[in-house]
Amino acid sequence: METFQMEIDKETKKSMFRTNGGSYWTLVTHGEIQSTATEVEVNTKFEIEWRGQRVALKASNGKYLCTKKNGQLSAVSDAVGDDELFLMKLINRPMLILSGENGFVCHHKNSNTLDANRSVYDIFSLIFNDGAYNIKSASGRFWYVSGSGLVCSDGEKPEDFFLEFVEHGRVAIKGANGKYLRGDQGGTLMADGTTIDASSLWEY
């Protein structure tokens, strides 16, 4: 597994991938991807499609990246199959602090739910699980989504959440129920968002 720094372009919301040496992935002739670009331009920007535990990447030629048998990355695919799906692992964020449009995410004082409108924050742990993440409270208990869509923080078993980095500095989080986390009007953290909008984007 190789390590790259992912950067998100503020205007296009497309992603760039930078090597430890400072060069960027870029689309070159015949659809090949090489890490040779020294500056950001159209061929260094890739569209990420979030597909649960995996991602698909689309290059500036409109083709999906795939891994050839020799290990070379190429943007030559019109559709997404197993060869076009990649595992993305966040390695520099063991802790999670979330701030939304109405405030920070924090434990509710008298229940197992979470508030999304507080002026103070709680620190949660992120645990990678094969393309998904488990979120653990300081108590050692895990986040999960209840049958009514409430995000609760007292689970004994970990439940998968999916992080989608869709904007510069902001992440959308999808629950195991397929819905996005957002703060409702009363300030409670819910997993009931059907689309990504201001209420379901979190600074982290």
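Which strands each supply at least two residues of the lining of the largest cavity? They are S6 and strand S17 (162-167), and you will meet them again in the third view below. Everything shown here comes from a predicted model.

**View 1. The protein is assigned two domains, domain 1 (5-86) and domain 2 (95-203).** This is a good place to get your bearings. The C-alpha centres of domain 1 and domain 2 lie 29 Å apart. Where the two meet, eight residues of domain 1 are in contact with 12 residues of domain 2.

**View 2. The largest pocket has a volume of about 1100 Å³.** Begin at the centre of this pocket: of its 31 lining residues, Phe4, Met6, Phe17, Met88 and Lys89 are the closest to that point. Four elements give two or more residues to the lining, namely strand S1 (5-8), strand S2 (15-18), strand S6 (54-58) and strand S7 (64-67). S1 makes the largest contribution, with four residues. Sorted by class, the lining of the largest pocket holds 17 nonpolar, nine polar and five charged residues. Domain 1 (5-86) and domain 2 (95-203) each provide at least three residues of this lining.

**View 3. The largest cavity encloses about 100 Å³ of space.** Here we return to the opening question, with S6 and strand S17 (162-167) each giving at least two residues to the lining. To trace the wall, look for Trp50, Gly52, Gln53, Arg54, Val55, Phe86, Met88, Leu90, Gly131, Tyr133, Leu163 and Phe165. By class, eight of these lining residues are nonpolar, three are polar and one is charged. Why does this cavity lie between the domains? Both domain 1 (5-86) and domain 2 (95-203) give residues to its lining, so the largest cavity lies between them.

**View 4. The second largest cavity holds about 40 Å³ of space.** The model has two cavities of 30 Å³ or more. The residues lining the second largest cavity are Gly100, Glu101, Asn102, Ala116, Gly183, Ser199 and Trp202. Its lining has two nonpolar, four polar and one charged residues.

**View 5. The largest nonpolar core is made of 40 residues.** To find your way around, start from Leu65, Val105, Trp143, Leu181, Leu189 and Trp202, which touch the most other members. This core takes at least three residues from each of domain 1 (5-86) and domain 2 (95-203). As background, nonpolar side chains in soluble globular proteins tend to be buried together.

**View 6. Leu189 is one of the core residues that touch the most other members.** Follow its contacts outward. Setting aside residues up to four places away in sequence, Leu189 touches Val105, Leu114, Ala116, Trp143, Leu150, Val151, Leu181, Arg182, Gly183 and Trp202. Some of these names may be familiar: Ala116, Gly183 and Trp202 are among the residues that line the second largest cavity.

**View 7. Ser99 sits in strand S10 (residues 99-100).** Is Ser99 buried or exposed? Ser99 counts as buried because its relative accessibility is 18%, and the cut-off for buried is under 20%. Leaving out neighbours within four places in sequence, Ser99 is in contact with Phe104, Leu201, Trp202 and Glu203. Trp202 appears in earlier views too: it is in the largest nonpolar core, and it also lines the second largest cavity.

Key:
Residues are numbered from 1 along each chain as its sequence is written. This is a predicted model: local features need pLDDT of at least 70, side-chain atom pairs count only at pLDDT 80 or more; totals for chains, interfaces and linings use all residues. Side-chain values use heavy atoms; hydrogens and water are left out. A nonpolar core is a set of buried Ala, Val, Leu, Ile, Met, Phe, Trp, Tyr and Cys residues joined through side-chain atoms within 4.5 Å. Buried means under 20% relative accessible area, exposed over 50%, partly exposed in between (1.4 Å probe, protein chains only). Domain bounds come from an automatic or database domain assignment. Contact means heavy atoms within 4.5 Å. On a 1 Å grid over the protein atoms alone, a cavity is a set of points where a 1.4 Å probe fits but cannot get out, and a pocket is an open set with protein on both sides within 12 Å along at least five of seven lines; lining residues have an atom within 4 Å of a point. Grid points are joined across faces, edges and corners, and a volume is the space filled by probe spheres set on the points. Ala, Val, Leu, Ile, Met, Phe, Trp, Tyr, Cys and Pro count as nonpolar, Asp, Glu, Lys and Arg as charged, and the others, Gly among them, as polar.
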